[in-house]
Amino acid sequence: MSFDVDIALAQGRFQLDAKFSVPSGLTVLFGKSGSGKTTLINAVAGLLMPDRGRVRVGQRVLFDSEQKIALPAHKRRLGYIFQDARLFPHLSVQKNLLYGQRFLPRSLGKTDPEQIISLLGLEALLQRRPEQLSGGEKQRVAIGRALLAAPELLLADEPLTALDEARKLEILPYFERIRDELKLPVLYVSHAVTEVARLASTVVVLDQGRVTQVGSASEVLSDPQIVPTGVRNVGSVITAQLLQHHVDGLSELSCKGIPLFVPRIDRPIGTVMRLRVAAHEIILSLKKPEGLSALNILPGTIAAIHSGGGPGALVTLETAAGALLARVTQRSVATLELEVGKPVFAVMKSVAIAPQDIGRDHA
Ligand SMILES: Nc1ncnc2c1ncn2[C@@H]1O[C@H](COP(=O)(O)OP(=O)(O)OP(=O)(O)O)[C@@H](O)[C@H]1O
């Protein structure tokens, strides 16, 4: 089910003029603060009226200024997850979950509560009140409530922002499950590279109210011109299959035949994982290093070198595992005589990939 947006909307001095068309899956709206992400998602939700344009989910037109169609928010069949869970404090988890189903017309098929409760691991929480839940648990209930309203599109506006790092890590796998197990398009607002790397089927980059790029997580996160949070967050996104768990606490992955060792990943053997490798975590070597503590050494060929205004350079390597990015100094580029076509080895410590940057790839 494709999702098409083409809207213009003025808000004070801010002008949103955004157009994109994305396939089904989880689309991350990515951009820095003030780029217009919330304005756009609110226009899709029907909370703000665009000056002109069109919003379509599959064959359903939610808004079309020419045809004079503007469905009210409650008729758009959307689930909305906010930064804060916004649960009803006087209702149990179970009643909060079932709240949205009350308003569904009989003609619409209802989502099975058991399926959503199991998907989000809420079984043990059903009789509790919101005040008896952690922040992460509250947000899981909010996600469940949105899903149980039988939406045709799920909207999530920075749903992890209010949580600490540990709670974010707890919620991310549930969004992976929604992406992979429910055939439901999701529009997810974020300015965090980890969420883009872990979750995005497609990334739509917004800058000053305009769409500047539509692409995969790996395309967007590897381009320093695009990553809104700056060069420190530039990296590559690679996929690899879980091959083995070792007794010393490491998990072994295979990147198209190349072994990669990372701290233990609690997922079954055979799972296809996505990993974000930050460019500044990669060291380049002209010879295959020996006597080094780093466990991951990948041979590759230099495909591009980009130098910015500062002392750094970004080197793109073609490896059997896919494109890898290394951030080195221009001094190293000169000393090692790095140039396009030159074979090199990329060196990476096992612990260089943060646990939050390792997730399941599309099932
Ligand atoms: N009601 C309003 N009236 C005038 N200007 C507004 C209004 N609401 C938002 N804006 C402006 O519109 C621009 C986009 O805001 P928006 O909240 O959509 O950005 P955002 O990308 O979601 O940012 P953040 O990540 O900080 O939430 C900002 O410059 C903001 O100041």
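This is a chat about a predicted model, going from its domains to its ligand shell, its sheets and a few single residues.

Reader: Let's start with the big picture. What domains does the chain get?

Author: The domain assignment gives domain 1, residues 3-227, and domain 2, residues 236-360. Their C-alpha centres lie 32 Å apart.

Reader: And how many residues does each one put into the contact?

Author: Domain 1 supplies twelve residues and domain 2 supplies 13 residues.

Reader: Which elements give two or more residues on the domain 1 side?

Author: Those are α5 (165-181), α6 (193-199) and α7 (217-221). Helix α5 has the largest share of that side, with four residues. By class, the side of domain 1 that touches domain 2 has six nonpolar, three polar and three charged residues.

Reader: OK, on to the ligand. Which residues are around the ligand?

Author: You'll find Q11, G12, F14, G31, S33, G34, S35, G36, K37, T38, T39 and H191 there. Sorted by class, that shell has ten polar residues, one nonpolar and one charged.

Reader: Which element gives the largest share of that shell?

Author: Helix α1, residues 37-45, which contributes three residues.

Reader: Tell me more about that helix. Which residues in α1 are buried?

Author: K37, T39, L40, I41, A43 and V44 are buried. K37 and T39 are also among the residues around the ligand. Just after α1 comes G46, with a positive phi of about 90°.

Reader: I was looking at L187 too. Where does L187 lie, and what does L187 touch?

Author: L187 lies in strand β9, residues 186-190. Leaving out residues up to four places away in sequence, L187 touches T27, L29, I41, V44, L153 and L155. Two of those contacts, I41 and V44, are buried residues of α1.

Reader: Is L187 buried or exposed, and why?

Author: L187 counts as buried because 25 C-beta neighbours sit inside 10 Å, and the cut-off for buried is 20 or more.

Reader: How far is L187 from A156?

Author: In sequence they are 31 residues apart, while in space the C-alpha to C-alpha distance is 6.3 Å.

Reader: Switching to sheets. What is the strand order in the sheet with β12?

Author: That open sheet of five strands runs β14-β13-β12-β15-β21, with antiparallel pairing. At the edges are β14 (258-263) and β21 (358-360); each has a single partner strand, so one side of each has no neighbour in the sheet. From one strand to the next the twist averages 40°.

Reader: How many bridges pair β12 with β15?

Author: Seven bridges, in the antiparallel sense, between β12 (residues 235-245) and β15 (residues 272-278). For a pair you can find in the model, A240 stands opposite M273 in β15.

Reader: And the sheet with β20, what is the order there?

Author: The order is β16-β20-β17-β18-β19, another open sheet of five strands with antiparallel pairing. Its edge strands are β16 (283-285) and β19 (322-329), each pairing on one side only. Neighbouring strands here are turned by 45° against each other on average, ignoring direction.

Reader: How many bridges join β16 to β20?

Author: Three bridges join β16 to β20 (residues 343-348), and the two run antiparallel. I283 stands opposite V347, and L284 has A346 as its bridge partner.

Reader: What about β17 and β20, how many bridges there?

Author: Six, again antiparallel, with β17 covering residues 296-307. Opposite P343 of β20 stands T301.

Reader: Last topic: backbone oddities. What phi does A150 have?

Author: A150 has a positive phi of about 50°, and A150 is not a glycine. Most residues other than glycine have a negative phi. You'll find A150 in the loop between α4 (135-148) and β8 (153-157).

Reader: And where is E337?

Author: E337 is in the loop between α8 (330-335) and β20. E337 is not a glycine either, and has a positive phi of about 50°.

Reader: Why does E337 count as exposed, and how many C-beta atoms does A150 have within 10 Å?

Author: E337 counts as exposed because E337 has 8 C-beta neighbours inside 10 Å, and the cut-off for exposed is 12 or fewer. A150 has 16 other C-beta atoms within 10 Å, so A150 is partly exposed.

How values were computed. Residues numbered from 1 in each chain as written. Predicted model: local features only at pLDDT ≥ 70, side-chain atom pairs only at ≥ 80, totals over all residues. Near = placed C-beta within 6 Å. Nonpolar A, V, L, I, M, F, W, Y, C, P; charged D, E, K, R; others polar. Pairing = 2+ DSSP bridges. Axes fitted to C-alpha atoms, helices over the stretch in contact; angles between N-to-C directions. Domains from an automatic or database assignment. Contact = placed C-beta atoms within 7 Å.
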